[in-house]
Amino acid sequence: MAKIISQETFDGVVQENVLEFSMSPAEAKEETIKQFEAQGINLANIIQDLAVNPQSGKPLINEMVDKIKTHIGQKEADTPQLLDQLAILDEECQKSLAHRVLAGKNGAHDALITLLEQTLAAAETEPESDQHDAVLKKCLQAVNSLTNKQPDLFDAEAMAVVLKLLALKQENRLEITILTLQWLQKACIMHEVNRQNIMNTPALKLLKPLLTKDNARLMSELTAVFRFLVLDDDIRMEFGCAHEHARQIANEFLLPLVELLPAYQEVDVLGDLLLTIGTLAVRQELCTAIDEAGGLKTIFEIMSNNLEEVRLNREALKLLRAMAGHDAVKAHIVNQGVAPIIKQLLETHQSNENIVAAALACITTLTLRVKEHSTAFFETGIAEVLVEAMRTHSSNKIVQRNGAWAIRNMVSRSRSQCETWISFGVEDLLNTAMTEHPSVAQDIKAALRDLGCTVQLREEWTGTAEKKIAA
């Protein structure tokens, strides 16, 4: 069994080489590695690229955490020096997860939370001081880097600090608010308990005043928080509360988000808004609310005015598909003229497999079990465009599967379309796709069957009854 050592032992030898033998940090680390490898020690668990202070020989992470702890509680702290230390800690934490774990083990999170609490208290007594805001920014940057992929660090004390930060007056504090929102996002990723704890606080009430049309960057970060609160990515939890969180957030923010759509021209912000609305529309009454608020008309205008934008239209298609889960809303979507827009998107982005896959999935949902909807799409001449898109992306399994779904739904109640589809060569295309993508063969066979083409159906399993079943 290989011998191992602790990080402290490794760092201690590096420090000894720096102080006792006047080596540079690089030479000291190289010599230390050679010493331990010669002794047959496995260094796989050691962070070997830690930045080292050439004067003291200590790793910068450890040194900065210790210095920040020293600053806490001092009545006359050296603010410029503290800002430099926070910047170095932030830089070190950005290097790798191993660096962040080491900082967390050395008490960096508790130190930063205490420093934030202390600075917030000082800011209340001296509201005119710019130094406090500078410390808050640097501290939040460091705690963001530290919490990245370490959501377990986020605790009740951190949540209390977040609530105080969100409650601050927003004048000239946009950067602090944005950093606070980013901190919340990192605390939500892969951590269901954090998400539930956040939802159990007054956080949503404090976030509502931020929902304005004044700042695009703030809107993007705010909508990201909403989306992260409804994630379901924590494998440690058997059951999450994503649906309930989405419902609660939607009740407070869905309609205001829909109303904000016409206020923005920035493509990225519109994409974030559409993605967030689609994420929150998890119930039929919410889909109806979006429709009744004039959301469909706004979405169509955004798509028509930004046909060249890939991400924006992908999110719009996903949103329309989510809303089409409600039959009445689905009818409104088609009746208000979505078919020509989707055809234009397929023509414009025929080389982009992501847009093509999203458009075909949207067609599938909108034409499901409704002959009139199928006719509305067919009359735009979309059949030829759809077949050509599938031919262009013949190697993409998702495109072939979604295309087969769309064709099946369009012709299943409108057999008069079959001859037109076959004239575009769809039969050969589907047979080729079935050979190249056997995992979606059943979906493709369903399309061929409804087109009236020859399909080789195979009984997957034939059992023999032990007892004869009476007729």
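A cavity, on a 1 Å grid over the protein atoms alone, is a set of points where a 1.4 Å probe fits but cannot get out. With that meaning in hand, the tour of this predicted model can start inside the protein, where a search of the whole structure finds one cavity of 30 Å³ or more.

**Stop 1: the cavity and its lining**

Select Phe10, Asp11, Val14, Lys29, Ile47, Gln48, Leu50, Val52, Gly57 and Pro59, which line the largest cavity. Its volume is about 50 Å³. Which helix gives the most to this lining? Colour helix 1, residues 7-21, to see the answer: it supplies three residues. By character, the lining divides into six nonpolar, two polar and two charged residues.

**Stop 2: Gln7 in helix 1**

Remain on helix 1 and select Gln7, which belongs to it. Is Gln7 buried or exposed? Its relative accessibility is 10%, so it counts as buried. Show the residues around Gln7: leaving out those up to four places away in sequence, it touches Asn45, Ile46, Ile47, Leu50 and Leu102. Ile47 and Leu50 are also among the residues that line the largest cavity.

**Stop 3: helix 6 and its cover**

Select residues 108-125, which form helix 6. At 1.5 Å a residue, the 18 residues of this helix should span 26 Å, and the end C-alpha atoms are 26 Å apart, which agrees. Next, show the side chains of the buried residues of helix 6: Ala108, His109, Ala111, Leu112, Ile113, Leu115, Leu116, Thr119, Leu120 and Ala123. What covers these buried residues? The cover includes helix 3 (60-71), helix 4 (79-93), helix 5 (97-105), helix 7 (130-147), helix 8 (156-166) and helix 9 (174-188).

**Stop 4: helix 8**

From that cover, select helix 8. Buried here are Ala158, Met159, Val161, Val162, Leu163, Leu165 and Leu166. These residues pack against helix 6, helix 7 and helix 9, together with helix 10 (192-199) and helix 11 (203-207).

**Stop 5: two loop residues with positive phi**

Go to the loop between helix 7 and helix 8, where Lys149 is placed. Phi of Lys149 is near 65°, a positive value in a residue other than glycine. Lys149 has a relative accessibility of 63% and therefore counts as exposed.

A second case lies in the loop between helix 20 (353-366) and helix 21 (371-378), which holds Arg369. Its phi is near 60°, again positive in a residue other than glycine. With 58% relative accessibility, Arg369 counts as exposed.

**Stop 6: Gly271 and the residues it meets**

Select helix 14, residues 267-280, and within it Gly271. This glycine has a relative accessible area of 0% and is buried. Which residues is Gly271 in contact with, once its neighbours within four places in sequence are left aside? The contacts are Arg311, Leu312 and Glu315. Draw a distance from the C-alpha atom of Gly271 to that of Glu309: the separation is 9.6 Å, for two residues 38 apart along the chain.

**Stop 7: salt bridges**

How many salt bridges does the count come to? The total is 18, and several merit individual display.

- Arg314 and Glu315: the closest N and O atoms of this salt bridge are 3.8 Å apart. Glu315, which is also in contact with Gly271, counts as buried at 4% relative accessibility.
- Glu92 and Lys95: these residues form a salt bridge with their closest N and O atoms 2.9 Å apart. Glu92 is buried, with a relative accessible area of 3%, whereas Lys95 is partly exposed at 43%.
- Glu388 and Arg391: the closest N and O atoms of this pair are 3.1 Å apart. Both residues lie in helix 22 (residues 382-392), three residues apart, about one turn of the helix. Glu388 is partly exposed, with a relative accessible area of 34%, and Arg391 is likewise partly exposed at 35%.
- Asp152, Asp234 and Arg236: select the three together, since they are linked in a network of salt bridges.

Conventions. Residues are numbered from 1 along each chain as its sequence is written. This is a predicted model: local features need pLDDT of at least 70, side-chain atom pairs count only at pLDDT 80 or more; totals for chains, interfaces and linings use all residues. Side-chain values use heavy atoms; hydrogens and water are left out. On a 1 Å grid over the protein atoms alone, a cavity is a set of points where a 1.4 Å probe fits but cannot get out, and a pocket is an open set with protein on both sides within 12 Å along at least five of seven lines; lining residues have an atom within 4 Å of a point. Grid points are joined across faces, edges and corners, and a volume is the space filled by probe spheres set on the points. Helices (H or I, at least four residues) and strands (E, at least two) are DSSP runs, numbered from the N terminus. Ala, Val, Leu, Ile, Met, Phe, Trp, Tyr, Cys and Pro count as nonpolar, Asp, Glu, Lys and Arg as charged, and the others, Gly among them, as polar. A salt bridge is a side-chain nitrogen of Lys or Arg within 4 Å of a carboxyl oxygen of Asp or Glu. Buried means under 20% relative accessible area, exposed over 50%, partly exposed in between (1.4 Å probe, protein chains only). The expected span of a helix is 1.5 Å times one less than its number of residues. Contact means heavy atoms within 4.5 Å.
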